[in-house]
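Me: I have a structure open and want to go through it with you. Can we start with a charged residue and work outward?
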Amino acid sequence: IEAAPSRTVQVTVEGAQLYKGPGRDFASAATVPRDTKLEAPNAAGWRPVLVEGEVYWISREATRRYDGGKE
């Protein structure tokens, strides 16, 4: 299985915090200086989901966006 192509993001503030989860309520893992370039996975075809405080990934093909029950 070949990994999906990646993309790069660049830090634009003096010092950005990396967190162990998606939000400031998670523990801080490191501080990254301005202009640092980080590899971000290509999530094409996948959606991140939060289950019991953990981030998992699910296929977009197996899901659809919830519209609040509207028909």
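Me: What is the nearest side chain of opposite charge to Arg47, and how far away is it?
Reply: It is Glu61, 11 Å away. Arg47 is buried yet has no salt bridge. Buried means under 20% relative accessible area, exposed means over 50%, and partly exposed is in between (1.4 Å probe, protein chains only). A salt bridge needs a side-chain nitrogen of Lys or Arg within 4 Å of a carboxyl oxygen of Asp or Glu. Lys and Arg count as positive, Asp and Glu as negative; His and the chain ends are not counted.

Me: Is this model predicted or not, and what are the ground rules?
Reply: This is a predicted model: local features need pLDDT of at least 70, side-chain atom pairs count only at pLDDT 80 or more, and totals for chains, interfaces and linings use all residues. Residues are numbered from 1 along each chain as its sequence is written, and side-chain values use heavy atoms, with hydrogens and water left out.

Me: Back to Arg47. Which side chain does the Arg47 side chain make a polar contact with?
Reply: The side chain of Thr63, at 2.8 Å. A polar contact is a pair of N or O atoms within 3.5 Å; within protein, one must be able to donate a hydrogen and the other to accept it, and residues adjacent in sequence count only if both atoms are side-chain atoms.

Me: Where is Arg47 in the chain, and what is it in contact with?
Reply: Arg47 sits in strand 5, residues 46-51. Strands (E, at least two residues) and helices (H or I, at least four) are DSSP runs, numbered from the N terminus. Leaving aside neighbours within four places in sequence, Arg47 is in contact with Tyr56, Trp57, Ile58, Arg60, Thr63, Arg64 and Arg65. Contact means heavy atoms within 4.5 Å.

Me: How many helices and strands are there?
Reply: The chain has 0 helices and 6 strands. From the N terminus, the order is β-β-β-β-β-β.

Me: How much of the chain is buried?
Reply: Of its 71 residues, 8% count as buried. The chain exposes about 6,400 Å², and carbon and sulfur atoms supply 52% of that. Accessible areas come from the Shrake-Rupley method with a 1.4 Å probe; for residues, only the protein chains shown count as cover.

Me: What about confidence? What is the average pLDDT?
Reply: The average is 81, and 87% of the residues score at least 70. pLDDT is the predictor's confidence in each residue, from 0 to 100. Among the elements, strand 3 has the highest mean, 93, and strand 1 (residues 6-10) the lowest, 77.

Me: And low scores in general?
Reply: Where pLDDT is low, the predicted coordinates should not be read in detail.

Me: Now Ser59. Why does Ser59 count as buried?
Reply: Because its relative accessibility is 18%, and the cut-off for buried is under 20%. Ser59 lies in strand 6, residues 54-59. Its side chain reaches the backbone nitrogen of Glu61 at 3.1 Å. Beyond its sequence neighbours within four places, Ser59 is in contact with Gly45 and Trp46.

Me: Who else is in strand 6?
Reply: Trp57 is one. Trp57 is partly exposed, at 47% relative accessible area. With neighbours within four places left aside, Trp57 is in contact with Ala43, Trp46, Arg47 and Pro48. Val55 lies in strand 6 too. Val55 counts as partly exposed at 38%.

Me: What does Val55 touch, on the same contact rule?
Reply: Pro22, Pro48, Val49 and Leu50, leaving aside neighbours within four places. The C-alpha atoms of Val55 and Gly21 are separated by 7.2 Å, and these residues are 34 apart along the chain.

Me: And Val49 itself, where is it?
Reply: Val49 is in strand 5. Val49 is partly exposed, at 30% relative accessible area.

Me: Change of topic. What is the phi of Asp35?
Reply: It is near 75°, a positive value in a residue other than glycine. Most residues other than glycine have a negative phi. Asp35 is in the loop between strand 3 and strand 4 (37-41).

Me: Last one. What is Pro33 in contact with?
Reply: Val11, Val13 and Glu14, leaving aside neighbours within four places. Pro33 lies in strand 3, residues 28-33. Its C-alpha atom is 6.5 Å from that of Ala16, 17 residues away along the chain.
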